[in-house]
Structure formats: structure tokens, C-alpha cells
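Student: I should like to take a close look at one part of this structure. Please guide me through its aromatic rings.

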Amino acid sequence: GAAERVRAERDAPDDPDVLVMAATDPAQPYGATLAWPREDGEARKSYQRVAGARVVMVDGVPALYLDRGRRGLLTFPAAADSAVVLLAVNALGSDRVSSGSKGLSIERIDGVPAMESPLASVFREAGFAQGFRGFTKRPERADMMAHA
């Protein structure tokens, strides 16, 4: 019976599993047990396991890294897949990260202004508003009342 249950878990689920985790969460192994995923020859990005930073995981693979100031975003190699990055950005916009009184404001993506990033269209598609400094996601009124 146990072997059959293990075999059943091998099949990928129909819906991807998307989680927004604290970078310091013990269940998030990157930067501690495992090295952060990088492309070959990629310029060094400053992924860190620090308080306040978030990692968006899609099916257990990191896709996005939100810095502790919640203004800068770094991508992982998995974000090269347009379906993965859209899932990750949607999760970031609907997560408790964006439910503070001011919401979430992304000013830089991979070190460039958010508006100049190749991901700008993904943020618009995910419901982020385009502003002077970047993309903003404000909490819905119902969300604000639920957290009050």
C-alpha cells in the first residue's frame, strides 16, 4: 500500500503548487542547504536569507526573490518560462506581502527600473498598476478589512 501511495505522488499534479515563503523559512532550503539556482555565467545576484525577504516557489523551484525592502525583485532561471513567471507574479500580488496598508511597490527588477524590465508586461497582466517608480499592487478593501 505504501509503495502505491509513493508511486501516485510521482505524477505531477494538474495545478502547479505556488508558494510565497520567507527567505529565512527552514522549509525553504535555498541559500542554506542548497545553492541558489543560477544560469551558467550569470552575473552574481544578491539572493540572501534575510528577514523580510520572500521567495516565490513554483512546484518547489524558486522563481522570484523579493528583497527585504520589498522594492527590488530578482529572478531565478525558472522565471525564463513565461507560464512560471506569470504564476509567480500573480502569487506575489495576491500574497500577504501586498496586503499591508501601502501594498507592494516593485521599483527594480534584476537591477533595472521595473518599467524597462522584460517582465513589465507580466506585471501589468497580473493587475499591478504602473506608476512613476514602478509597479504597485494595492490591497483590495475586503483584504484590508480582513487583516484589520
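Is Phe76 buried or exposed?

Tutor: This is a predicted model, in which local features need pLDDT of at least 70 and side-chain atom pairs count only at pLDDT 80 or more, while totals for chains, interfaces and linings use all residues. Residues are numbered from 1 along each chain as its sequence is written, and side-chain values use heavy atoms, with hydrogens and water left out.

Phe76 is buried, at 3% relative accessibility; buried means under 20% relative accessible area, exposed over 50%, and partly exposed in between, with a 1.4 Å probe and protein chains only. Rings of Phe, Tyr and Trp (its six-membered ring) pair if their centres lie within 6.5 Å; planes under 30 degrees apart are stacked, those over 60 edge-to-face, and the rest tilted. By this rule there are eight aromatic pairs. Trp36 and Phe76 form a stacked pair, because their ring centres are 5.6 Å apart and their planes lie at 25 degrees. Trp36 is also buried, with a relative accessible area of 11%. Ring pairs join both residues with Tyr30, Tyr47 and Tyr65 in a cluster.

Elsewhere, Phe123 and Phe128 have ring centres 4.9 Å apart and planes at 75 degrees, so this pair is edge-to-face. Both Phe123 and Phe128 are buried. Over the ring of Phe128 sits the charged end of Lys137, 5.6 Å from the ring centre; for this, NZ of Lys or CZ of Arg must be within 6 Å of the ring centre and within 35 degrees of the ring normal.
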